[in-house]
Amino acid sequence: MEISIKEIMDCIVNPVKSQIILAIQQKGECTAKDLLTSQHDISQATLYRTLNRLVDSGILKIVAKNKVRAVTERVYALNESFLNVNQSVIEQNDGEAYFKLFTNFIIMLMKEFQKYADTPSINIIKDVSGFSATPIYATGEEMLELGNKLNEIIAPYQTRNPSVDEQKIRILATIITPPNKK
């Protein structure tokens with residue numbers, strides 16, 4: 001099944017979808033019950049509705065169905081085509097597809113910021129919202145090293161700590177531009 005770029009970008013910026021995808025990616029395979037246990041801030045109804053949408057769009061696949069008493073429990077995993085979309089674009093060195101991915105990424109981020117900006121109770125400082133761009137000098141190897149270090153730093157924050165009520169889901173987006181030719 002071909003996964004649309006819009007679906008992929010929606011998964012990146014939709015907090016519930018990205019939370020579910022990250023949890024499944026970390027576990028490899030899991031059931032809705034597993035997800036409910038680890039994702040305390042997602043209601044059961046929202047979880048099942050989102051799982052169905054992710055399966056329908058081809059992002060997730062059902063890898064097993066287990067009979068548990070009178071109920072059939074589905075085991076979910078990420079679809080390989082979802083995992084390989086960026087890799088496929090990179091391997092094909094397809095500039096047009098790469099630009100489409102980037103454009104959709106920016107549009108989805110803009111929608112998130114617009115939803116926030118349209119909220120009457122906005123408090124930029126208290127909500128700790130922001131964005132910045134910082135030029136850096138690095139080789140390709142140094143960029144890979146930096147990416148690995150950032151992933152290590154971010155990893156503990158990709159799962160909600162149920163004992164900390166103040167935690168809210170946020171989107172931390174990273175953009176690495178191609179090197180400047182100067």
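**Exercise 1.** How many bridges join E2 to strand E3, and how do the two strands run?

*Solution.* The model is predicted. Start with the pair itself: E2 and strand E3 (residues 71–78) are joined by eight bridges and run antiparallel. For one position in the register, take Ala 64, which stands opposite Val 75 in E3. Next, place the pair in the whole sheet: three strands form an open sheet in the order E1-E3-E2, with antiparallel pairing. Strand E1 (30–31) and strand E2 (60–68) are the edge strands, each pairing on one side only.

**Exercise 2.** Find which strands helix H2 lies across, and check its length.

*Solution.* Helix H2 (residues 15–27) lies across E1, E2 and E3, and runs at about 85° to E3. Helix H4 (residues 44–56) also packs on the sheet, where it touches E2 and E3, and its direction makes about 130° with that of E2. For the length of H2, use 1.5 Å a residue: its 13 residues should span 18 Å, and this agrees with the end C-alpha atoms, which are 18 Å apart. Buried residues in H2 include Ile 20, Ile 21, Ala 23 and Ile 24. Just after H2, Gly 28 takes a positive phi of about 90°.

**Exercise 3.** Decide whether Asp 94 is buried, partly exposed or exposed, and locate it.

*Solution.* Asp 94 lies in the loop between helix H6 (85–92) and helix H7 (95–117). Buried means under 20% relative accessible area and exposed means over 50%. Asp 94 has 28% relative accessibility, so it counts as partly exposed. From Ala 45, Asp 94 is 49 residues apart in sequence and 39 Å apart in space, C-alpha to C-alpha.

Definitions and conventions: Residues numbered from 1 in each chain as written. Predicted model: local features only at pLDDT ≥ 70, side-chain atom pairs only at ≥ 80, totals over all residues. Heavy atoms only, no water. Helix = DSSP H or I, 4+ residues; strand = E, 2+ residues; numbered from the N terminus. Buried < 20%, exposed > 50% of the residue type's maximum accessible area, 1.4 Å probe, protein only. Pairing = 2+ DSSP bridges. Contact = heavy atoms within 4.5 Å. Axes fitted to C-alpha atoms, helices over the stretch in contact; angles between N-to-C directions. Expected span 1.5 Å × (residues − 1).
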